[in-house]
Amino acid sequence: MSIAPSTSPFEPVVLAFTCNWCSYRAADLAGTARIKYPPSVRLIRLMCSGRLDPAFVLRAFASGADAVVMTGCWPADCHYRIQNVKALRRFELLHRVLVDLGIEPERFQRVYASAAEGQQLAAAFTRIVDEVRSLGPLAWGRQPGIAAESEAPADEPSTPALEGVPG
Amino acid sequence: MSGYLYYPGCSLAGSARAYAESLTAVLDTLGVRLREIDDWNCCGATEYLTLSPLAGYALIGRNLALAESQRNGSDTLVAPCSACYVNLAKTDRYMRESPVMREQLNGALAADGMHYTPGAVAVRHLLEVLVEDIGLEELERHVTRPLTGLRVAPYLGCLVSRPDYDRRWARREQPLELDRLVAALGAEVVDFPLRTACCGGHMTQISPDTGFELIRRLVEAADRGGADLLVTVCPMCQMNLDAYQGEMNHHFGTDYRLPILFFTQLIGLAFNLDASTLGIGSEVVSARDALARIGVEVPTVEGEPAPPRRAKRSQELPMPAPLAEGDR
Amino acid sequence: MTGDRAFSDDIRAATVGESRLDACIQCGTCGGSCPSARDMDHTPRALFAMARAGLRDEVLRSNTSWMCVSCYFCAVRCPQEIHIPDVMYAIKSIATREGIVPERTARDFSRTFVDNIHRYGRSFEVGLVARHYLRHYPFRLPGMAPMGISLVTKGRMGFVPHRIRGLAGLRTILARASQLEAGDARREVTV
Amino acid sequence: MTRAGRGAAAPAEPRVGVYVCHCGTNIAGMVDVEAVRDWAAERLGPHGVVVARDYPFMCSSLGQELIEQDVREQGLNRVVVAACSPHMHEKTFRGACERAGLNPYLCELVSIREQASWVHTDRDAATAKSKAIVAGGVLRVREHAPLEPLRVPINEATLVVGGGIAGITAALEIADAGFPVHLVERQPSIGGHMAQFDKTFPTLDCAACILTPRMVTAGTHPNITLHTWSEVTEVSGYVGNFTVKVLHRPRYVDTDLCTGCGICEEKCPARVVDPVFEAGIGYRKAVYRPFPQAVPKFPVLDPESCIFFQRGTCKACEKLCPTHAIRLDQQPEEVTLQVGNIVLATGFESFDARRVEPYGYGRLANVFTSLEFERMSNASGPTGGRIVLRDGVTQPQTVGIVHCVGSRDRNFNAYCSAICCMQSMKFAHLVREHTDATVYEFYIDIRAAGKGFDEFYQRVQDEGTIFVRGRVAEVTDVLHLPEEAKHDGQLIIQVEDTLVGRQRRIPVDMVILSVGLEPQPDAEEVARRFGITCSSEGWVIERHPKLDPVATMTEGVFAAGCALGPRDIPTSVATGSAAAARIIGRIQQREMALEPIRATVDTERCSGCRICNDLCPYSAIEFDEARAVAEVNPALCQGCGVCVAACPAGAISGTGFSDAQILGQIEGILMSTNGTGGSPATEPERAVPA
């Protein structure tokens, strides 16, 4: 990875999807409190973890992410009442599919963080980067079948494997 | 519920033989089987850790490794001695917590071809097993000679409810489990706020003035509460309070004669087991007078002073209710 | 006064489990709770402040840690959840390693105890008490005779020590542990 | 509302401006902003970037003018600002764009401060990450569509939950501004904790004297409807238009007939300990008003302690009521309210001192809590203001006051309860005022940071109170003989006097535990009901701890007083007023703009599978049976996007967070940030999607 600090041979890129109401604010809080975590974690804001389309995860892997993290509110604390529970169900299903496709389970994780849990979120990021660093780069994108999948045009986000997955 | 691994500890094979005998007799009655770990070694009390922590933990680790290899279906390790209990429990806990500790201790154990998997056995004190696993109802069912009229100070000492890093005890300073057990035997529990105060441990050996003062406090508080005797769950406490009571009296010019029994001896008596099978008689301060009260009907005899009861005055302010289980 | 600033790191490293020593707020709950505080030349709280100030020598020469009875009152009451008895063990072990003996009686009791374990694999109560008293409290022995006799006649004092079968193995384990400890004296033991 | 997302008309030729903020040294100290700027200009050119600039403070008016100027002069139709969190300055930069004539939703603020410079320590890595974040922003903003904010009308009525001093203040401010308020209180009377106190620190104002007028005003205000002995059971809707269900528990009193004469209370034969208002040291009747100045004046009947309800006979109150107002068959009643805004002023609960075992509360008679002492020292309290031991008669000669009970303690609550130091010193003063007793204060640190607080500390010292620095280890009645023989019957406070370095045992007659403040036991449940979040302890989380301290993450729901965390009376009042001011401003606007983040269905593509229908917790998705397609009601949709992600036909799109926007951001943020080509990180041959 070209952006890795020169001391380490491999620094993974971890893409974390965050919920606008909890984990994104937890990340803001980590910043305000100057709590450190590895720079290889990059965040994308969604309004709710329930917005996470499986296609986003597949696109992330195809575009070079070594791991993807779904972060969101604690199960009972969803800003949208119960949508994070739907996200969780979708996560479990997608996780199983990814594992079937040969992706190590550590490469797709979920983390709960309330808006007050900057410290916990940073700790989880650090842990995940460590775990993925020891796995090495994701080789999956070069498998022919999958690569073809990821080249689906941008306006066709649902992949056949996950078509019709309800929340 | 049959089959616990059993780590007696050095005292039970020596000065606290009465504890070993009585607990065996009681558990036999309850139909609970103990399997003594073969070739166990001393846990080092608090002394080995003082000089060399890692070797101290390795010493304890050997017992855990033996327990694991002799599990054969039972995975609870019972220790009747509070010091042994806390040492075994702490070692297991620290090995669970710290990969470095795990690696180092297993490194040391490997010198004799041994290994311990943290969490392989659950280390528990005998009191906890009796109260939690067997249960007071089951104990009560076996009570054939209720200890009616016997006033007992329930003394846990340190190390059972403290440090309790796994938070198994709801209260770490005033636990009431032993109180409930004594009450289940039909005895009267006296108010004994020092139930988990320190017996002095090795202070009788290294700083007698302090050691004697700690013993005095306990004996005095039990006496003040009107106790006929005090029960303990630890051989070290029993030794300090019983064997050093005379020296303590000498030191302070007092004349206490408070018998100190093991709680298993008391259970045995309530089960109507023979006093000799319970090791009764081996205590230094004789329990003869106190035990004369058991089995005898003790109604509220005329002439005997009624238990002191403060006259309730109309202006008295109400007291808060005791903390209940559900309170946060 | 600058002191040895690495000293509290040494203590932290020598503590089994997480010490949390740096979190001390100097509230004195430990010193207030301690049943043997009156025998200590510094309260535990003061000792921790001294350790943080790097007063290495004074801490190691203090009898405080040797007077600890491991009753864990301080540990469960400490508002910062500092593992105080474990810190005390750590300070004692550093002192022992460096040959500093602030409290001969306590040190000797521990030694005699440990010595018994090396000989037999188990504690030998008669031998322990006899050796300890002869050395430190010879004048207490006559007064203790009645108790001793009582314990003996009641069968509570065995005169023959029990030796475990695996003694040789135990010794190799302890030797290996001591080696690991020595090699690791300044390395982090905890995580 | 403008529909956006897939198919919306995006200008064919994106002209993107990138603005990188130094934030003084906040960003520039860890991120090479010039390098980010140059990289964006060079490497993101193919993606439409036509200008890239850096500036020390983009949020300054000069910084904003820079953007405005470029929009006008360079014809920018997209703007990316790389600075702080969008929760900080998104509105600022959208405003700048709007002033320059650009739709504000064509601006994207990405954070390289909270997400890069502040959380990383390697300058090269933080710079590389900042480039990636900017690239994510650029590829995202390309897919933005112009939007119009949603406008919702604001109902004039406000719901205030909790009738303590914070809630009363908020209610009065809003009512005085001419708008209706529903004030809901769980207890029979408003007044809260302040009504229990005798004096307030540091001025020693009589609490009742300053509180009662406000309670009376609230009780009689034409714009305030009191719902006491009531609880909010259900909340639905959104800002401007909440529907709230309030349960009125039966008082068993007809308030239309009751005159508040108090005869029922006087004649009621059931006398029980009052654990609430009298903190457990006083009594009340089964039918009672908690205190004489209660508002409303009507009593409540507690069936738990009523002889009639328990045993079936008595009815003394019913027989003797001169206006026949007792209604023993009264049933609970639920009312539904429509309100535009909500203030949560649900307050605190005192820490349960029994949990600190070594202090012996509940076991040792003469150990009292701060709340018990407040009632005891109150002239209208159970002892008539006499400071006495539990026997109700004896005046203490020595009193020990223990600070930090349940606070600053990781075994209970790690936080400082903020009021205990001052409260404890107030107690010392009151004990000295009422008795000749010697008073000790046992403290870890004296925290007297408020106005006039340290002066009060000095005054209490001057009055002779003895301060011992040390956290009390235990309170005991077990004496050390012989030196303590003369203290039989007293309590011993065992403490290390840390300034001496010795353990001390100080005999006292009375111990007062200055207990900390905890969130209400049902704080989490309440938070869930109102759709807000609280910290792990249970305090309400503010929208921003510094700049928006009374708003919550949920539009239209505000918080005030100790629901937000431990605080004293002036701060509770200030937050109550602040919440009211925010709400009054909104009501006067009559409507408010909301983020147009909503889902829309492209009915052309909808297959009518109905998967989305059950996913919406707001029932915003309706199914048009005739056309066999789903439709989203924008008034109900909250914009979570779950249906967007679930639609198998890709027929639902989410404005502001469309698939194209997010996929664009993914591509950008994973773009390699050095080398020469603008290609993804691991697959140099793969091109960035159009």
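**Exercise 1. Find which residues of α2(D) and α3(D) meet in this predicted model, and describe how the two helices cross.**

Step 1: list the residues. From α2(D) come Gln64(D), Ile67(D), Glu68(D) and Arg72(D), and they meet Thr92(D), Phe93(D), Ala96(D), Cys97(D) and Arg99(D) of α3(D). Keep in mind that the model is predicted.

Step 2: sort them by character. The contact of α2(D) with α3(D) is made up of four nonpolar, two polar and three charged residues.

Step 3: add the geometry. Helix α2 spans residues 61-74 of chain D and helix α3 residues 86-99; their axes come within 8 Å and cross at roughly 40 degrees. The crossing of α2(D) and α3(D) is right-handed.

**Exercise 2. Work out the strand order of the open sheet in chain D, and explain why β2 and β4 each have one side without a neighbour.**

Step 1: write down the order. The four strands run β2-β1-β3-β4 (chain D), and their pairing is parallel.

Step 2: look at the ends of that order. β2 (49-55) and β4 (107-111) of chain D are at the edges, where each has a single partner strand, so one side of each lacks a neighbour in the sheet.

Step 3: check the twist. On average, neighbouring strands of this sheet are turned by 15 degrees against each other, direction ignored.

Step 4: zoom in on one pair. Strand β1 (residues 16-21) of chain D pairs with β2(D) in the parallel sense over six bridges. One of the bridge partnerships links Gly17(D) to Val51(D) in β2(D).

Step 5: place a helix on the sheet. Helix α1 (residues 33-43) of chain D packs there and touches β1 and β2 of chain D, with a direction about 175 degrees from that of β2(D).

**Exercise 3. Decide whether Arg156(C) is buried or exposed, and find out what surrounds this residue.**

Step 1: locate the residue. Arg156(C) sits in the loop between α10 (141-153) and α11 (167-183) of chain C.

Step 2: apply the cut-off. Buried means under 20% relative accessible area. Arg156(C) has 4% relative accessibility and therefore counts as buried.

Step 3: look for contacts beyond four places in sequence. Those of Arg156(C) include Gly14(B), Asp242(B) and Glu283(B) from chain B, and Glu125(C) and Leu151(C) from chain C. Gln238(B) is also among them, and its side chain makes a polar contact of 2.6 Å with that of Arg156(C).

Step 4: step back to the chains. Of the four pairs of chains that touch, B and C have the most contacts. Chains A and B, by contrast, do not touch, with their nearest C-alpha atoms 16 Å apart.

Key:
Residues numbered from 1 in each chain as written. Chains lettered and ligands numbered in written order. Predicted model: local features only at pLDDT ≥ 70, side-chain atom pairs only at ≥ 80, totals over all residues. Heavy atoms only, no water. Pairing = 2+ DSSP bridges. Axes fitted to C-alpha atoms, helices over the stretch in contact; angles between N-to-C directions. Contact = heavy atoms within 4.5 Å. Left-handed = near helix turned anticlockwise from the far one by under 90°. Nonpolar A, V, L, I, M, F, W, Y, C, P; charged D, E, K, R; others polar. Buried < 20%, exposed > 50% of the residue type's maximum accessible area, 1.4 Å probe, protein only. Polar contact = N/O pair within 3.5 Å; in protein donor to acceptor, adjacent residues only side chain to side chain.
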